[in-house]
Protein chains: 4
Amino acid sequence: VRDELSVGVVGASGFTGRELCRLLLGHRRVGRILPAARSAEPFERRHRNLLGSGLQFVSAERLVEQARELDVVFFCTPAGEAMRLAGHFLDEGSAVIDLGADFRFPDPATYRAVYGVEHAAPHLLAQVVYGVPELARDAIRGARLVANPGCYVIAALLAVAPLIGDDGVDPGALVGIHAVNGTTGAGNTSRPELHHAAVANDMLPYSLEGHRHCPELELQLARLAGRTVRVDFNTAHGPFARGIYLQASVQLRRGDGVNRDVLLDRYKERYGAGHRGEHFVLVVDFPKTGGCNAKEYDVYPDMASVLGSNFCHLGVDYDAAHAVVRVVSVLDNLVKGAAGTAIQNMNLLFSFDESEGLRHYGL
Amino acid sequence: VRDELSVGVVGASGFTGRELCRLLLGHRRVGRILPAARSAEPFERRHRNLLGSGLQFVSAERLVEQARELDVVFFCTPAGEAMRLAGHFLDEGSAVIDLGADFRFPDPATYRAVYGVEHAAPHLLAQVVYGVPELARDAIRGARLVANPGCYVIAALLAVAPLIGDDGVDPGALVGIHAVNGTTGAGNTSRPELHHAAVANDMLPYSLEGHRHCPELELQLARLAGRTVRVDFNTAHGPFARGIYLQASVQLRRGDGVNRDVLLDRYKERYGAGHRGEHFVLVVDFPKTGGCNAKEYDVYPDMASVLGSNFCHLGVDYDAAHAVVRVVSVLDNLVKGAAGTAIQNMNLLFSFDESEGLRHYGL
Amino acid sequence: VRDELSVGVVGASGFTGRELCRLLLGHRRVGRILPAARSAEPFERRHRNLLGSGLQFVSAERLVEQARELDVVFFCTPAGEAMRLAGHFLDEGSAVIDLGADFRFPDPATYRAVYGVEHAAPHLLAQVVYGVPELARDAIRGARLVANPGCYVIAALLAVAPLIGDDGVDPGALVGIHAVNGTTGAGNTSRPELHHAAVANDMLPYSLEGHRHCPELELQLARLAGRTVRVDFNTAHGPFARGIYLQASVQLRRGDGVNRDVLLDRYKERYGAGHRGEHFVLVVDFPKTGGCNAKEYDVYPDMASVLGSNFCHLGVDYDAAHAVVRVVSVLDNLVKGAAGTAIQNMNLLFSFDESEGLRHYGL
Amino acid sequence: VRDELSVGVVGASGFTGRELCRLLLGHRRVGRILPAARSAEPFERRHRNLLGSGLQFVSAERLVEQARELDVVFFCTPAGEAMRLAGHFLDEGSAVIDLGADFRFPDPATYRAVYGVEHAAPHLLAQVVYGVPELARDAIRGARLVANPGCYVIAALLAVAPLIGDDGVDPGALVGIHAVNGTTGAGNTSRPELHHAAVANDMLPYSLEGHRHCPELELQLARLAGRTVRVDFNTAHGPFARGIYLQASVQLRRGDGVNRDVLLDRYKERYGAGHRGEHFVLVVDFPKTGGCNAKEYDVYPDMASVLGSNFCHLGVDYDAAHAVVRVVSVLDNLVKGAAGTAIQNMNLLFSFDESEGLRHYGL
């Protein structure tokens, strides 16, 4: 265990890079942060929430040169960049955590099919660990190269993991996933559709012909289920800056004996509760107190409650008339959906307390 | 045809009643509006957007007494109130348009099952016309008692009507409906979960054990399809005041020869285009111009663009990998989803131009 | 009086041009709309709220060629463009209404000082009428060239006009103007600071060293007051798409006998009330009913209530401890602050009913 | 110095109490938190962002009984409650920090004039320290009873402190203060004007006849200036959950030699910079790079950047034409405006590092 880590962040000018720097600044085992980006503006003008941090952008080239001094390098880059540089950092002794998509598929052919380009470092794929700590903690502990999951994918995996391998689930039906993401999820490129006046009272669907996160999710679900799982995957941006609201519909073969309480018990069994459970995955199990027709918003997870934090809140209900389990999964797309999970992975890699730097609650 | 109508509005203190009054004030064939409500505040203080209108609340009792002078009475009331009073108004010669739920089910047993109370006027149910003008124009023209559809239901019906009776649709699969409604859809009752600070950056799922609009939708879809149609029906409120963003997933048996353009043609055929088409149901058929991985928000309907108007914009895409048709349907929950369709129905009842009072575009 | 006008709109791709087209489409005396802009997109894809309108962009050059057929030409262009073309349209017989800044100063030296360029058509300035209908109705009726006021300026003028010429106002004190504008007021240029994620929970002050609308306002106030009036002028964008919330502080020499009711009477006297008053300027005079410490939001104007409409709502209160009159003025920056007033001016120019095309209430 | 503090929070069911608990949970020197409130709901259902915290509401009576075990008691209560209980806690040995208004005026007559009730504990007023750490650090260190400042007041004091005692300021002119507060600032009482649908696109002015924070501010400014200072004080809620955007206008007698850079230097001199400066008060001094007419939003403080944090960002500009200094001050109303400053005061009282528990950056 090192005392204080030196950390590089490639792609530090975007929303995810900013968030990673914000969280690293509050991590007690991190001594030095080198944010790399091509930016015409100084770091603190670009990221005004980090005013007073003293951080300054360096070039990616400088990180490459200083690789030997870096304990870990994070990539917050569009698909294509991490696979060009990761090998160098690994060779020089740094661990690598890629928040982008380059290492999420073990098979380079899948990568080509989904991202449209040839993989530049297929020889590295065998050593990659797919980094959902709650599903692969031990493997991550021994890794040097971690593929941080897609923001939608981690929200969906945590939502359906307790159900998906079960006999009762109808294998012929599509798992329905509908997710609404904040506008930070759209990236910080300026375009008319993302102007505040355009989005303020709007919903922005996109990629309805098929989203890149769908094959990633289906691959992970197949691992969990031990069989092919097919997903009806739908995404939109909503008029909020942060957060993913995801809702999953899982059809059962038969619903005998199933109800909300039974399902809640299963989720609490899977993720634990209190001090013996998962720190960051919490099941919302408040009892319904109204009559059958009362609208009880607060029996379901509340997206706003996790913003800024590394928590994922899960809730579940049961539509008996259709034998459909409905799961609600909420998290902050920039934290548990990206930078927070990346730091959780770093904590596992370096044998720190897994929640170090991530314990604060949502706003 | 009367020259100038006298119109009563029961339940005029809520969001829907306010919107109905707003639209009636701009209708050239409406001469007199009597908004009825129990309100401690004067009309213009309650509905400050209607400052200068000169409208004043009357009691529902006064409407009952003056029934004979009223050409049409609208109910913007919670379930239970319209069925007590509608018979009286009909007897006195007024037409009745119920924006609530009391007349949406032909079978009183269904009403009891869904709304939990006995129907108070089952003898009226036989004469009810379910009022989606685009699907039942001729029947509405001859009606005296119209059940205005639920806001989610009309958005969903217009979305899937062109597909649902088709051979190619998989009858074993659930039709997936996910809808996000503005907070006006939650009613204007004050409660902590609807405080601005609670909703501002949030999504509020509700009724995931089964929403009352689901049986209403399944009934109408069965009429269109000539067979049972089962729906995975999901709702939430989003952080915007108005609008419904609805997305439907319809699974095909086989997808041979299906693509976005084929589907768009089907929708345009169903709803027409230009002057010979439906005035208020428009198909968004902008071509995709980016590559396969470009995010093109503007090829799909834009909810903000219909706010304040009676338009429903429809868009469609095709997920070939899963043989799923995805439809996006957007409308203003208070206009096309309620008061606007009610006025469209009134226009049909009184043989006015169907778009009278409703021609303005969205903001 | 022409039966149906032919109307040109130069600069029709921006927020103001879009709004002008929206309102013109609902104007019964307008037969033909020619929106001119350089746009890579078709009109209905650029302005998706106007889907179904059938409008198509033409080039500004085509408008110039067809000037003789146009009854009126509106300019929704940045400073500098209207002054180059207005003379041509006037010569060809079109009336001109400039929603930009080119004709707001009678003295070309002031224009140069404020906008930093030489005025291109100083010979036209003598015939300009500054178009606030409520303050200059008769002059507008006889005009051919109207300078539509700045959005902040009209909100401020209507707010303080009833006070400003009064003996009781302290001439040594600055009039305090604080205005918050929606993000449509920032123009539709894409830039990182206007990304939805940047603005969503933010306030964006700007031009605190001096805003261009300040000299315009001071000039008009001097006309009303018959003396120099100096303004402490402050602006910001708020996290909403539309609307101006403006608050004015006017210090009195002495406050003897002044109170809220006295002030409300003065405003109602100035703008009238009911059918004999100004149609679009309404005074909010709801009585305070709570005790001295109750927060009564609804005794003041409500910005959201005027959105989409041509109304300006005014409210007033009195801080007796400081002898300060506080005025609240709210309007839709794109309607009463721009396109609506422009149409009101057109109605005056062509002797139409002044409220034609503008009677609808806010959402 | 105690190792781990036991902390009581009276009034823990509101927005401020929730925020205080959130911050205390991340404070390394706090061992035990007892949140007191009358609430029908369990703590974690009431404050869903604190799910997993294990906190549970106790009654205020229980805190009173256990006073001897409590190192410090915070009051997050409406005016009137802290003054009844503070004496007991002080007698039993607890320090008291009141986030409400009960101890903000040294003279009980002022309290009665502003809050309309007699002060219940005038004998305690002499020992109160008014708790703005940046202005009264040493006095706070020795205090047992701290009056936490009003949220608007601290934002205003930090904004104008560097100017207010200066010879160059015009003593005859009102200091103009305009502040926009998030809707958490309105309290969590449900009322129709605070329904999300009402506020979503709105601004809510209030108390324009005189706000209770104005006398508090004038008192503190008089202390700083050594003379009477009169304030034109204006407040509204904006459509965001958190944050205060405050803008001050300070008129100079003469503006010779004044410009933005000179003013920025004065602010940096007052609050320091880097490691020797104030940790939580930062001056935004990015240079203007555009021409005279460019809109440069990012040269001013950005409210969204401080949300969730204890920072106050200050910016300044100069309107030479009117000799007015404009200051922008932004902070999170619930953190630096309330709970964060309260903890900063606690840190001073117990000789902890002043930034303990408060070092995280804004979202």
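**Reading the interfaces of chain B**

Guide: In this predicted model, 59 residues of chain B are in contact with 59 residues of chain A, and that pairing is a good place to begin.

Visitor: How is the size of an interface often given?

Guide: It is often given as the accessible area lost when the parts come together. In the case of chain B and chain A, about 4,900 Å² is buried between them, with 51% of it on carbon and sulfur atoms. On the side of chain B, Leu208(B), Lys295(B) and Tyr297(B) supply 15% of the area buried against chain A, which is more than any other three residues supply.

Visitor: How many salt bridges are there between chain B and chain A, and how many residue pairs in polar contact?

Guide: The count of salt bridges between chain B and chain A is four. In one salt bridge, the side chain of Lys288(B) meets that of Glu209(A), at 3.2 Å from N to O. Polar contacts between the two chains come to 31 residue pairs, with both residues at pLDDT 80 or more.

Visitor: Which elements of chain B each supply at least two residues of the side that touches chain A?

Guide: Among them are the helices α5 (108–115) and α9 (213–225), together with strands including β9 (231–237), β10 (244–251), β12 (312–319) and β13 (324–331) of chain B. The largest share of that side, six residues, comes from β9(B). Sorted by class, the side of chain B that touches chain A has 31 nonpolar, twelve polar and 16 charged residues.

Visitor: What does the interface of chain B with chain D look like in the same terms?

Guide: Here 18 residues of chain B are in contact with 18 residues of chain D, and the buried area is about 1,400 Å², of which carbon and sulfur atoms give 63%. Within chain B, the residues that lose the most area to chain D are Ser190(B), His195(B) and His196(B), which together make up 46% of what that side buries. The count of salt bridges between chain B and chain D is zero, while eight residue pairs are in polar contact across this interface, both residues being at pLDDT 80 or more. Helix α8 (residues 196–199) of chain B gives the largest share of the side that touches chain D, namely three residues. By class, this side of chain B has nine nonpolar, eight polar and one charged residues.

Visitor: How are two copies of a chain related?

Guide: Two copies of a chain are related by a rotation about an axis and a shift along it. Chain B can be laid on chain D by a turn of 180 degrees and a shift of 0.0 Å along the axis, with an RMSD of 0.0 Å. The two copies are therefore related as by a two-fold rotation axis. The C-alpha of chain B nearest that axis belongs to His196(B) and is 1.9 Å from it. The same surface serves both copies, since 100% of the contact residues of chain B recur in chain D.

Visitor: What turn and what shift along the axis lay chain B on chain A?

Guide: A turn of 180 degrees and a shift of 0.0 Å along the axis lay chain B on chain A, with an RMSD of 0.0 Å. Because 100% of the interface residues of chain B are also interface residues in chain A, these copies meet through the same surface.

Visitor: To turn to a single residue, is Asn148(C) buried or exposed?

Guide: Asn148(C) is buried, with a relative accessible area of 1%. Asn148(C) lies in the loop between β6 (145–147) and α7 (151–164) of chain C. Leaving aside neighbours within four places in sequence, the residues in contact with Asn148(C) include Ile97(C), Asp98(C), Arg104(C), Gly131(C), Thr341(C) and Asn345(C).

Conventions. Residues are numbered from 1 along each chain as its sequence is written. Chains are lettered from A and ligands numbered from 1 in the order in which they are written. This is a predicted model: local features need pLDDT of at least 70, side-chain atom pairs count only at pLDDT 80 or more; totals for chains, interfaces and linings use all residues. Side-chain values use heavy atoms; hydrogens and water are left out. Contact means heavy atoms within 4.5 Å. Buried area is the accessible area (1.4 Å probe) that two parts lose on being put together, summed over both. A polar contact is a pair of N or O atoms within 3.5 Å; within protein, one must be able to donate a hydrogen and the other to accept it, and residues adjacent in sequence count only if both atoms are side-chain atoms. Helices (H or I, at least four residues) and strands (E, at least two) are DSSP runs, numbered from the N terminus. Ala, Val, Leu, Ile, Met, Phe, Trp, Tyr, Cys and Pro count as nonpolar, Asp, Glu, Lys and Arg as charged, and the others, Gly among them, as polar. Copies are superposed by least squares on the C-alpha atoms of residues with pLDDT of at least 70 in both. Buried means under 20% relative accessible area, exposed over 50%, partly exposed in between (1.4 Å probe, protein chains only).
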